[in-house]
Amino acid sequence: MRALVACEYSGRVRDALRLRGVDAMSCDLLPTEVKGPHYQGDVRDVLYDGWDLLIAHPPCTHLAVSGARWFKHKQKEQAEALDFVRLLLNAPIPRIALEQPISIVASRIAPTTQVIHPWQFGHGERKTTCLWLINLPHLVPTNIVEGREERVHRMAPGPDRWKERSRTFQGVADAMAEQWSNVEQLPLMLPLAVANG
């Protein structure tokens with residue numbers, strides 16, 4: 001299986017997949033934080049290279065409802081961000097997972113397939129994470145733990161706050177890799193209905 005992990009600089013999902021025998025590459029405008037197969041550039045450059053699996057983490061800056069008070073001032077940026085999400089969901093890749101916080105993707109493109117939290121995967125934190133899944137099963141919790149702290153939400157301001165807030169929790173990355181690295185035998189269903197406007 002060949003997997004593209006789009007909009008990932010940390011290498012967490014990529015490396016979790018590679019540990020399970022998947023030929024995975026990450027892609028981001030930023031360099032990777034850890035050595036490994038990584039394309040630094042626009043995902044459009046590599047999106048059509050014959051992947052079997054796409055796990056995408058598109059930027060949520062203009063889409064997350066936590067920033068709704070600024071929506072009226074960035075309608076052009078929001079429209080471009082929605083077009084980027086549509087591009088990813090419509091990619092010619094048979095199995096796709098797209099991850100976002102609570103965002104307007106659910107109301108403007110397609111309903112959320114699944115909602116997960118880090119505390120279901122070994123991290124005692126609450127961070128609502130929405131998934132849109134095409135030909136992939138729901139993630140099954142692997143390690144439900146106590147604690148419902150909102151550390152990510154309450155993170156102190158700083159130049160790297162956005163980076164730390166967008167980082168995939170290791171337990172979630174491991175679950176994605178473990179549960180989605182052997183799905184080739186599952187039948188392909190109809191693609192997610194994605195509106196183009």
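Mentor: One definition before we start. A residue is buried under 20% relative accessible area, exposed over 50%, and partly exposed in between. The model is predicted. Now ask.

Trainee: How many helices and strands does the protein have?
Mentor: Start with the order of the elements. From the N terminus they run β-α-β-β-β-α-β-α-β-β-α-α. The totals are five helices and seven strands.

Trainee: What percentage of the 197 residues in the protein is buried?
Mentor: Here the cut-off is under 20% relative accessible area. Of the protein's 197 residues, the buried share is 48%.

Trainee: How many of the five residues in strand β1 are buried?
Mentor: Strand β1 covers residues 2-6. This strand is mostly covered. Its buried residues number four of five.

Trainee: In which sense do β1 and strand β2 pair, parallel or antiparallel?
Mentor: Strand β2 spans residues 23-28. Five bridges link it to β1. One of the paired residues is Ala3 in β1, whose bridge partner in β2 is Ala24. The sense of the β1-β2 pairing is parallel.

Trainee: What is the hand of the β-α-β crossover from β1 to β2?
Mentor: Follow the chain. After β1 it passes through helix α1, residues 12-19, and then reaches β2. This β-α-β crossover is right-handed.

Trainee: Which residue in β4 stands opposite Val5?
Mentor: Strand β4 covers residues 53-56 and runs parallel to β1. Four bridges join these two strands. Opposite Val5, in β4, stands Ile55.

Trainee: How many salt bridges does the count come to?
Mentor: Start with the general idea. Side chains of opposite charge can pair when their charged atoms come close. The cut-off is a side-chain nitrogen of Lys or Arg within 4 Å of a carboxyl oxygen of Asp or Glu. By this rule, the number of salt bridges is seven.

Trainee: Is Arg44 buried, partly exposed or exposed?
Mentor: Arg44 meets Asp42 in a salt bridge, 2.9 Å from N to O. Asp42 has a relative accessible area of 27%, so it is partly exposed. Arg44 has 43%, which falls between 20% and 50%. That makes Arg44 partly exposed.

Trainee: How far apart are the closest N and O atoms of Lys76 and Glu80?
Mentor: Both residues lie in helix α2, residues 75-89, four residues apart, about one turn of the helix. Lys76 is exposed because its relative accessible area is 59%. Glu80 is partly exposed at 45%. In their salt bridge, the closest N and O atoms are apart by 2.8 Å.

Trainee: Is Arg86 buried or exposed?
Mentor: Arg86 forms a salt bridge with Asp83, with the closest N and O atoms 3.0 Å apart. They are three residues apart in helix α2, so about one helical turn separates them. Asp83 is partly exposed at 45%. The relative accessible area of Arg86 is 7%, so Arg86 is buried.

Trainee: Which residues do salt bridges with shared partners join into one network?
Mentor: Look for bridges that share partners. They join three residues into one network: Arg2, Arg18 and Asp23.

Trainee: Are α1 and α5 parallel, perpendicular or oblique to each other?
Mentor: Two packed helices are described by the angle between their axes and the distance between the axes. The axes of α1 and helix α5, residues 170-180, come within 8 Å and cross at roughly 40°. The crossing is right-handed. Since angles under 35 degrees count as roughly parallel and 65 to 115 as roughly perpendicular, α1 and α5 are therefore oblique.

Key
Residues are numbered from 1 along each chain as its sequence is written. This is a predicted model: local features need pLDDT of at least 70, side-chain atom pairs count only at pLDDT 80 or more; totals for chains, interfaces and linings use all residues. Side-chain values use heavy atoms; hydrogens and water are left out. Buried means under 20% relative accessible area, exposed over 50%, partly exposed in between (1.4 Å probe, protein chains only). Two strands pair if DSSP finds at least two bridges between them. A crossover is right-handed if, with the strands pointing away from the viewer, the path from the first strand over the helix to the second runs clockwise. Axes are lines fitted to C-alpha atoms, for helices over the stretch in contact, and angles run from 0 to 180 degrees between N-to-C directions. Angles under 35 degrees count as roughly parallel, over 145 as roughly antiparallel, 65 to 115 as roughly perpendicular and the rest as oblique. A crossing is left-handed if the near helix is turned anticlockwise from the far one by less than a right angle, and right-handed if clockwise.
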